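The following exercises are to be worked with the sequence and the coordinates at hand. Each task is followed by a solution in steps.

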Amino acid sequence: MEFPKDIRYTRDHEWVRINGDTGVVGITDYAQGELGDIVFVELPARGKKIKRGESMGTIEAVKAVSDLYAPLTGEVVEVNPELEKNSELVNKEPYGKGWMIRIRMADKNEVASLLDDAAYRALVGK
Amino acid sequence: MCTVAEQVRIPALDPFPRDSFERRHIGPDRDRISGMLERVGAASLDEFVDGVIPRGIRASGSLSFPPASEEEVLRTMRSIAGKNRLFRSLIGMGYNDTLTPAVIQRNILENPGWYTQYTPYQSEISQGRLEALLNFQTMVIDLTGFPIANASLLDEATAAAEAISMFHSIRGAQSGPKFFISEKCHPQTIAVLQTRAKPLGFIPVVGDHRTFQFDGSFFGAVVQYPCTEGTVYDYRDFCRKAHGAGALVVAAADPLSLVLLTPPAEFGADAAVGNTQRFGIPMGYGGPHAAYFATREEFKRFVPGRIIGVSVDTHGAPALRMALQTREQHIRREKATSNICTAQALLAIMAGMYGVYHGPAGLRRIANRVHILTAALASGLQKLGYTVLHRHFFDTLLVATEASKRDEIRRALLERRINVRWFGDGLLGISLDEVSDEAEVETLLRVFATGGASCPGAAGLLPANAGAYAGAMRRESVFMTHPVFHSYRSETEMLRYIRMLEGRDLSLTSSMIPLGSCTMKLNATTELLPVTWPEFCGIHPFAPADQAEGYAVLFAELESYLKQITGFAAFSFQPNSGAQGEYSGLLVIRSYHESRGEGHRNVCLIPSSAHGTNPASAVMAGMKVVVVRALGDGSIDTGDLSRKAAEHAPNLAALMVTYPSTHGVFEERIRTICDIVHANGGQVYMDGANMNAQVGLCAPAELGADICHLNLHKTFCIPHGGGGPGVGPIGAAPHLVEFLPSHPLAGPPAPGMTGAVASAPWGSAGILVVSWAYIVLMGGEGLTNATRIAILSANYMAERLSEHYGVLYRGPGNRVAHEFILDFRQFKQSAGIEIEDVAKRLMDYGFHAPTTSFPVPGTLMIEPTESEPREELDRFCDALISIRHEIAEIERGEADRDDNVLRNAPHTAAAVMSSEWKHPYTRERAAFPAPWLRARKFWPAVGRINNAYGDKNLVCSCPPVESYAQDPVPVTE
């Protein structure tokens, strides 16, 4: 199981890769493993304003469904178009081609509240 | 009470006792019961039961009514049936007489190989009914013109309500809270829509679709096609107007009419629902019947109920399964699209088979014939001087009669034992059906030829009308082109097709199905025989009460028994499933609070371990779900309950609690739990799913419940039918009786009553006879013994298995209730084995897995019931113990961690007998891991199904035949 060091994590099992004032968001390797085969991802539309900690979409596996929570407050500026047809990318490359959205952060101070890889690893007991 | 059974029974003190049904129903005999008691370390059955169920929660009295023999019960049943009077029903309103093909009646409806299965969660051993249900979906898709259909809903009215809920999920955010109901819908549909709308805050507006003007506050609309009076309206303009205003339209459409009429999808509707009863299902005084539900592709994630989908198995062969389950209550709970769980699988299978049997040409013949006879009747009535009120009809006429003629017409109809629909104002409705013929048209014309008027002969009326339906809404598109609807025309082929599919399903005719919380007990033949007697199955749900006096006796007696068993004051038989019972019960609680000026109470406390239907039902009843924690031992955390009940006291509406708990434990604090809720102003709803552990020993009303549903299809022997029918009557404490559901066709409701919750006043009346027969056969002591043995069997199995697995929760005296949970979670780490591998491996041993991963992920919940003999309990334990050894081999490194008997299970005959065998274990171990399998091997029809493939590529109609050809579909890993 991978826990890349160049990204930040949330307690709800999302990750964020910060680049300037935007961040790319996905779910963690641990989360995809727990969910199993992901068959459908419902993501917020481009331009949607999202608020940290609030539900912004859902992710469906065969026998489980989970809310996606916004890791940061901001506006959705890009949505991964591949996931509509190839949701299995979330299983195959959770930190790569399985990314979900890019958000423009409203408050960069929120980044400090995210976990680093060691803290997240401790959270999931790995 | 003096029951009919007692009146008819031959006096007691018979020196030569009859055969006892109790010993036929209860699996283990006296000797084996002794052995089982010894194994669990109890001296007697009484001592054992006292140890399991603390005295403090035991029922105050015992059930005392006597048992009856099978022969006596059938005789009594004949006498009750004789009180029903069979009239020819031309009432219509969504129920029409039909000819059940005998090959379907005997080989499906009356065949335990089709009616004793559970819902097809274990798809590899359910391919038979999955294919039959796929046929049903394909038929619905073709008739309605929509690309997506589900595998049935409970009835037409609730299906229409589900469509409206779906529309609200899709459009509610943009539109206002209103939806339109055409006044020409069936009255029961209007009533159920109004009931369903209220708690959700939807505003129904009933009106004339021809003049109605939409505005932006409407999200949906319901129309009837043909309408309840028989007119075939063209709804194209109406749909355009609705869409223009942002509203979606559902058409409640008679499926037989769609053979001749433009399908709803083609005239612009967004969904279609309807009753498939007239496709070979007896009327049964209201049910059970299968409603259909079809809609557009883009709404597939909002569809309620089961959808059967096509996927592939590990070998790449096509295989069927339930698709997109994440919509459903068992996964999404309070966020589910609907609370529906049990549907009407058996009836949908029959309706689909009716389509297979007749094919499109046969259905066209039937529909044309009905229409032509109706046209002949219209023309004859006009010749007699009557006004037929509309020109465009399919099978139903609205006829105006002059006041001076009405009495004579009524008398003549009564003499000839014919029911029609009287609207008032001298208007009457006549619906012809598959059973109609020229003689019937002539009889009707003679009825209307009052005062000795000369009567035109039907034959003379026919030629002018011999063409097919020719109105503006005639159907042009082809339907049911799939080979399955063209391949089984002879009875020989039909019989073999039905039997071939039956052979792919594991049912109670093969082995025990120990599904926790599902009570897969014996459905005895005697209990089921009367179901297809004409006096029970031939009655229209809205027939005059004086023709259904046998049913009235049956309802009264069954209610009386259920009152004695539960301690409640009254029952409503209207709910058609357990989930619908939950929903109805919560509505009753709402009505009660409203009557006290406390209509604001809307918080429903639900333990985290509750069945998924509980939170889904609470949301449908307009309640807010607050989850109560469970303690480590599985019981409700009374501290958390007290806190939350107090915190929400001003708004507390109800607690939903299952008893014994979903963890299979008799919680000693149940009375305290009920007291806490009452003290904070709430009512207690008891989920009766586990009633099989209570009958005769505990009574829900005495434990503190205010209202409770019973699953007659679990505890009281109605078969599960492979996913329905279900029957979920609700029993109410005295203070709630006046709020039980009403029905517009069963007399005017008293003020305060809850509205209609189902199409028919007594729900699935046609199968209540099963539960009545079970209770009368067993007698009070027999029923109590059944409970005792159900609990003993669970404890016996838990005892044997606890030497090999962890048993998760135990109650007083270290005992379990009637079911228990086995823990498999450790094996993921130790052997790479998940619960699904165990469930699939059980198939190789000829068993259906117990409930998997509920209420605890990674576990099995086992409920043996009283009907399984000790030998069968042992065989199942032996299988699980053998599987434990197979896991141990992996743990010790003797078997491969990836390529082993569990991970590759189930093994099909084709895989085991293939020339290629590359696994490190033998073919023999794969397919014959236990000695008994030599004599009785059940082969799974397909290998492990790829669930993800099916959900990503939803196909819910029969795939083209080419896909069954040699080239396997590529398997995506």
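A residue counts as buried if 20 or more other C-beta atoms lie within 10 Å of its own. The model used throughout is predicted.

**Exercise 1. Determine whether Thr519(B) is buried or exposed, and describe its backbone.**

Step 1. Locate the residue: Thr519(B) lies in the loop between α18 (491-502) and α19 (525-528) of chain B.

Step 2. Read the backbone angle: the phi of Thr519(B) is near 50°, a positive value in a residue other than glycine. Most residues other than glycine have a negative phi.

Step 3. Count the surroundings: Thr519(B) has 27 other C-beta atoms within 10 Å, and is therefore buried.

**Exercise 2. Carry out the analysis for Cys717(B), stating where it lies and what its phi is.**

Step 1. Cys717(B) belongs to the loop between β21 and β22 of chain B.

Step 2. Its phi is positive, about 75°, although Cys717(B) is not a glycine.

Step 3. Because 25 other C-beta atoms lie within 10 Å, Cys717(B) is buried.

**Exercise 3. Examine the peptide bonds that precede Pro725(B) and Pro906(B).**

Step 1. Gly724(B) and Pro725(B) are joined by a cis peptide bond with omega about 15°. Pro725(B) sits in the loop between β21 (707-710) and β22 (730-732) of chain B.

Step 2. From Ala905(B) to Pro906(B) the peptide bond is cis, with omega near -5°. The loop between α30 (870-891) and α31 (909-912) of chain B holds Pro906(B).

Step 3. As background, most peptide bonds are trans.

**Exercise 4. Describe how helix α6 (residues 102-109) and helix α14 (residues 345-383) of chain B cross.**

Step 1. The two axes come within 11 Å and cross at roughly 145°; the crossing of α6(B) and α14(B) is right-handed.

Step 2. From α6(B), the contact is made by Ile104(B), Ile108(B) and Leu109(B); from α14(B), by Ile349(B), Met350(B), Met353(B), Tyr354(B) and Tyr357(B).

Step 3. Classify these residues: 8 are nonpolar, none is polar and none is charged.

**Exercise 5. Assess the confidence of chain B and of the model.**

Step 1. Chain B has a mean pLDDT of 94, and 97% of its residues reach 70 or more.

Step 2. Identify stretches of low confidence: pLDDT stays under 50 over residues 1-12 of chain B, and it is below 50 over residues 966-973 of chain B. Where pLDDT is low, the predicted coordinates should not be read in detail.

Step 3. The model scores ipTM 0.84 and pTM 0.95.

Methods. Residues numbered from 1 in each chain as written. Chains lettered and ligands numbered in written order. Predicted model: local features only at pLDDT ≥ 70, side-chain atom pairs only at ≥ 80, totals over all residues. Axes fitted to C-alpha atoms, helices over the stretch in contact; angles between N-to-C directions. Helix = DSSP H or I, 4+ residues; strand = E, 2+ residues; numbered from the N terminus. Left-handed = near helix turned anticlockwise from the far one by under 90°. Contact = placed C-beta atoms within 7 Å. Nonpolar A, V, L, I, M, F, W, Y, C, P; charged D, E, K, R; others polar. pLDDT = per-residue confidence, 0-100. Buried ≥ 20, exposed ≤ 12 C-beta atoms within 10 Å, placed from the backbone.
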